[in-house]
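Colleague: Please take a close look at one part of this model, the enclosed space and what lies around it, and then carry on to whatever else deserves description. I would like the cut-offs stated as you go.

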Amino acid sequence: MKILSAVFHSSAPDLTACPVHDRPEFAFIGRSNVGKSSLINLLTGHGRLAKVSGTPGKTRLINFFTINNRWSLVDLPGYGYAKVAKGERYKFNEAVADYLEGRPNLANVFVLIDSRLPPQALDLEFIRWLAATEAPFDLVFTKADKQSANQTASNVAAFKRALADADVAAPRAFVSSATKGKGRAEILARISELLDA
Ligand code: GDP
């Protein structure tokens, strides 16, 4: 897919404020600092469509971008752990949960995973929840330039095994590097395929 236009549309604090339109939506989510903004900028060919943040977890809004006047790219706030009195609590934006459970336009979710790490409980917990909503999703393993291809492959395999152990049906997995431009063609081809389906 050629990106002919990529423009910011709007931001919504919750599901009821999401735009009313007929375009299919492709949503991107991951824990803070996973490389989501960098991947969005790589995919759209814009240096600064999504802000590459120095302050992780700052963005709380659901951001909509219109691509080729044909589909919407949705930048979802990330998930993480919140420090509370008795340790840590899984923190997940309710607006994001509502969006993922109830948005009729949602065509696919790309869940971003840091390819440098062994399977993280936080990501597995989110994906188990997402799979239960029956929203369609793929995985994108980011920052693959940070280690050898073998190490990336081994982390991807370990993640897939952890999902299988959690009884989650095997999703498609892409490997990306925003600095090397890796994964762009494959992810855009996947979006094309889903648009044509
Ligand atoms: P976000 O918080 O998920 O939106 O993550 P950002 O896109 O802001 O990236 C977080 C940090 O990781 C920034 O310092 C980026 O420059 C860096 N980063 C993001 N993607 C890559 C990548 O593919 N390779 C490398 N080496 N660094 C990356």
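Modeller: The largest cavity holds about 30 Å³ of space, where a cavity is a set of points, on a 1 Å grid over the protein atoms alone, at which a 1.4 Å probe fits but cannot get out, and where a volume is the space filled by probe spheres set on points joined across faces, edges and corners. This is a predicted model, in which local features need pLDDT of at least 70 and side-chain atom pairs count only at pLDDT 80 or more, while totals for chains, interfaces and linings use all residues. Residues are numbered from 1 along each chain as its sequence is written, and side-chain values use heavy atoms, with hydrogens and water left out.

The structure holds 1 cavity of 30 Å³ or more. Its lining, meaning residues with an atom within 4 Å of a point, is made up of Ile113, Asp114, Leu117, Pro118, Pro119, Gln120, Asp123 and Phe159. By class, the lining of the largest cavity has 5 nonpolar residues, 1 polar and 2 charged, with Ala, Val, Leu, Ile, Met, Phe, Trp, Tyr, Cys and Pro counted as nonpolar, Asp, Glu, Lys and Arg as charged, and the others, Gly among them, as polar.

Ser115 is found in the loop between strand 7 (106-114) and helix 3 (121-133); helices (H or I, at least four residues) and strands (E, at least two) are DSSP runs, numbered from the N terminus. Ser115 counts as buried because its relative accessible area is 0%, and the terms run as follows: buried is under 20%, exposed is over 50%, and partly exposed is in between, with a 1.4 Å probe and protein chains only. The side chain of Ser115 reaches the backbone oxygen of Thr142 at 2.6 Å.

Strand 8 (137-142) brings further contacts into view. Asp138 lies in this strand and is counted as buried because its relative accessibility is 2%. The side chain of Asp138 has two polar partners to describe, and a polar contact here is a pair of N or O atoms within 3.5 Å, of which, within protein, one must be able to donate a hydrogen and the other to accept it, residues adjacent in sequence counting only if both atoms are side-chain atoms. One such contact, of 3.1 Å, joins Asp138 to the side chain of Asn108, and another, of 2.7 Å, joins the side chain of Asp138 to that of Arg190. Phe141 also lies in strand 8, and at 2% relative accessibility Phe141 counts as buried. Phe141 is 23 residues from Pro118 in sequence, and their C-alpha atoms are 11 Å apart in space; Pro118 itself is one of the residues that line the cavity.

The loops on either side of strand 8 each hold a residue with a positive phi, against a general background in which most residues other than glycine have a negative phi. In the loop between helix 3 and strand 8 there is Glu134, whose phi is near 70°, and Glu134 counts as exposed because its relative accessibility is 71%. In the loop between strand 8 and helix 4 (149-165) there is Lys143, with a phi near 60°, and Lys143 counts as buried because its relative accessibility is 18%.

The ligand can be described in a similar way. It is surrounded by 14 residues, the closest being Lys36, Ser37, Ser38, Asp145 and Ala178, on the rule that a residue is near a molecule if one of its heavy atoms lies within 4 Å of it. This shell divides into 3 nonpolar, 7 polar and 4 charged residues. A backbone N or O atom of Asn33 lies 3.0 Å from an oxygen atom of the ligand, a polar side-chain atom of Ser38 lies 2.6 Å from a ligand oxygen, and a polar backbone atom of Ala178 is 2.7 Å from an oxygen atom of the ligand. Of the 570 Å² of accessible area that the ligand has on its own, the protein covers 79%, with areas taken from the Shrake-Rupley method and a 1.4 Å probe. Ser37 belongs to helix 1 (residues 36-44) and counts as buried because its relative accessible area is 14%. Ser37 and Ala50 stand 13 residues apart in sequence, with 5.1 Å between their C-alpha atoms.

Definitions and conventions
1 Å grid on protein atoms, 1.4 Å probe; cavity = no way out; pocket = protein on both sides within 12 Å on 5 of 7 lines; lining within 4 Å.
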